[in-house]
Amino acid sequence: MTAPIRVMLVEDSLVVRQLLAHIVSRDPRLALVAAVPSGEEALREIHRVQPDVISMDIRLPGIDGLETTRRIMAERPTPIVVIADAVEDSSLKISMNALRAGALSVVEKPVGTGHRAYAAVADQICTQLRIMSEVPVIRRRAIGAERERPALPDPPAREGAGTPPSLVAVAASTGGPPAFARLLGALPADFPAPILLVQHMGAAFMDGFATWLNGVVPLAVAVAQDGARPLPGRVYVAPGNRHLELGPGGLLALSDAPPVGSQRPSATTLFRSVARQAGPRALGILLTGMGEDGAAGLLDMRLAGAFTIAEHESSAVVYGMPAAAVRLKAAESVLPLDLIAPRLLRAVQPGTFR
C-alpha cells in the first residue's frame with residue numbers, strides 16, 4: 001500500500017487551521033504531520049516533519065507567506081499550495097508573488113462545513129495537495145531564479161517565408177504565472193500584435209491574476225470581454241470558467257461550452273479557434289503545465305500554417321502540456337522559456353517570420 005502524502009499546514013487562524021486539518025484528515029491519501037500558526041514555526045518544523053507538500057496561508061503574522069515561501073524554496077524545496085482569500089486584492093498580490101517565488105498553485109480558503117460550497121472547496125484543496133505533492137521542485141535563491149539549463153540555440157530565421165503574425169495565442173497551467181511574467185515582461189509595450197492568454201487557475205483568482213500581471217509586465221493586461229476587438233500591445237486573459245476564442249471577424253468570443261479535457265478555459269479551444277480564424281497569420285505558444293491541454297489545438301494551428309512554439313523541458317516547472325505537444329509534433333520550435341520572447345520579437349519583424 002502506498003504511504004499517504006505528508007501534509008504540513010501553515011495557517012494563523014485557529015478556526016481555519018482546524019477546518020483545514022479536518023479536510024485533510026478525511027482524505028485517506030493524505031496524512032497531517034504538522035499544523036503551525038506562523039512562518040517562523042513552519043521554518044523550524046519543516047526539517048523535523050519533512051512534509052511532501054505544504055498548505056501555505058499568505059496573511060501570516062511576522063514572516064508572511066511570501067517570505068516563508070522564499071525561505072522554504074531556498075532551504076528545503078517543497079511543493080507549496082497557497083491558500084488565499086480570493087476577494088482581497090492585497091492577498092491576491094502576495095499570492096501571485098508567492099507563485100513567482102516557487103509556490104505551485106493557489107486555491108480558495110475553505111468555507112464552513114455548513115456552507116453549500118464546502119464539499120467542492122474541500123475537494124479542490126485535497127486534489128491540489130495530492131497533485132502538487134508529485135511535482136519536483138528546485139532550490140531557489142531569489143524570487144524568479146531558475147534552475148541551470150542548457151543554452152539551446154534559437155533556430156535560424158528563414159527569411160521571406162511569410163508575413164509576420166497578426167495575433168499570438170499562449171497558454172499554461174502549473175507554473176504559468178511566473179512563466180507569463182518572464183515571457184511577457186521581455187516584450188515591449190508597443191508589441192505589434194494582440195496576445196490571447198489561457199491560464200488554468202481557479203475562477204475566483206482570474207481577475208486578480210490579470211491585475212497582478214498587468215502590474216509586472218510592460219504590456220496592458222486585462223480579462224477578455226466578449227465581442228471586443230483585440231488590439232496590438234494588449235494581453236487578453238481568459239476569464240474564470242469560460243472559454244476564450246477568436247471568433248468571426250477577428251472579435252473575441254467567450255463561451256460556456258463544456259470543458260475540453262476537463263479544462264474551462266481550455267488552451268485547445270483557444271488554439272483551434274485561432275487556427276480557424278487566423279491560420280498562418282497567427283503564432284501559438286504552449287508553456288509549462290500538467291496534463292495535455294493545448295497540444296491538439298497547437299497541432300491544429302501548425303497544420304493551418306501558424307508558427308508554433310513549445311517550452312523546453314529544461315525550463316518548464318511541469319513538462320506535461322509542452323511534452324504532449326512535442327509528441328504530437330505540434331511545435332515547430334521547442335525553446336527554453338528565456339529564448340521564447342526573442343524568437344517572438346523576431347517573428348513579428350517583417351521579412352523574418354519563418
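**Helix 8 and its surroundings**

Helix 8 covers residues 267–278, and at 1.5 Å a residue its 12 residues should span 16 Å; the C-alpha atoms at its ends are 16 Å apart, so the expected and actual spans agree. The model is a predicted one, and every value below is computed from it.

The next point is how far this helix is covered. Of the 12 residues of helix 8, 9 are buried, so the helix is largely enclosed by the rest of the structure. The buried residues are Ala267, Thr268, Thr269, Leu270, Phe271, Ser273, Val274, Ala275 and Ala278. What do they pack against? The buried residues of helix 8 pack against four strands and one helix by name: strand 6 (167–172), strand 7 (195–199), strand 10 (243–246), strand 12 (282–286) and helix 9 (295–303).

Now consider the two ends of helix 8. At the N-terminal end, Ser266 acts as a cap, with a side-chain oxygen 3.1 Å from the backbone nitrogen of Thr268. Just after the helix comes Gly279, which takes a positive phi of about 50°.

Ser266 can be looked at in its own right. This residue is found in the loop between strand 11 (252–255) and helix 8. Is Ser266 buried or exposed? Its relative accessibility is 0%, and buried means under 20%, so Ser266 counts as buried. Leaving aside residues up to four places away in sequence, Ser266 touches Val198, His243, Val260 and Asp293.

The loop that holds Ser266 has other features of the backbone. Pro265 lies in the loop between strand 11 and helix 8, and a cis peptide bond with omega of about 10° joins Arg264 and Pro265. Ser262 is found in that loop between strand 11 and helix 8 as well. Although Ser262 is not a glycine, it has a positive phi of about 70°. Such features stand out because most residues other than glycine have a negative phi, and most peptide bonds are trans. With a relative accessibility of 68%, Ser262 counts as exposed, because the cut-off for exposed is over 50%.

Another positive phi occurs in a different part of the chain. Gln50 lies in the loop between helix 2 (39–49) and strand 3 (53–57). The phi of Gln50 is near 50°, a positive value in a residue other than glycine. At 46% relative accessibility, Gln50 falls between the 20% and 50% cut-offs and therefore counts as partly exposed.

The last topic is the largest pocket. Its volume is about 1000 Å³. The elements that give two or more residues to the lining of this pocket are strand 5 (105–108), helix 5 (118–132) and helix 6 (176–185). Which element gives the largest share of the lining? That share, 8 residues, comes from helix 5. In total, 41 residues line the largest pocket, and Gln124, Gln128, His200, Met201 and Gly202 lie nearest its centre. Sorted by class, the lining has 18 nonpolar, 17 polar and 6 charged residues.

Helix 6, one of the elements that contribute to this lining, is mostly covered, with 8 of its 10 residues buried. The buried residues of helix 6 are Gly176, Pro177, Pro178, Ala179, Phe180, Ala181, Leu183 and Leu184.

Note on methods: Residues are numbered from 1 along each chain as its sequence is written. This is a predicted model: local features need pLDDT of at least 70, side-chain atom pairs count only at pLDDT 80 or more; totals for chains, interfaces and linings use all residues. Side-chain values use heavy atoms; hydrogens and water are left out. The expected span of a helix is 1.5 Å times one less than its number of residues. Buried means under 20% relative accessible area, exposed over 50%, partly exposed in between (1.4 Å probe, protein chains only). Contact means heavy atoms within 4.5 Å. A polar contact is a pair of N or O atoms within 3.5 Å; within protein, one must be able to donate a hydrogen and the other to accept it, and residues adjacent in sequence count only if both atoms are side-chain atoms. On a 1 Å grid over the protein atoms alone, a cavity is a set of points where a 1.4 Å probe fits but cannot get out, and a pocket is an open set with protein on both sides within 12 Å along at least five of seven lines; lining residues have an atom within 4 Å of a point. Grid points are joined across faces, edges and corners, and a volume is the space filled by probe spheres set on the points. Ala, Val, Leu, Ile, Met, Phe, Trp, Tyr, Cys and Pro count as nonpolar, Asp, Glu, Lys and Arg as charged, and the others, Gly among them, as polar.
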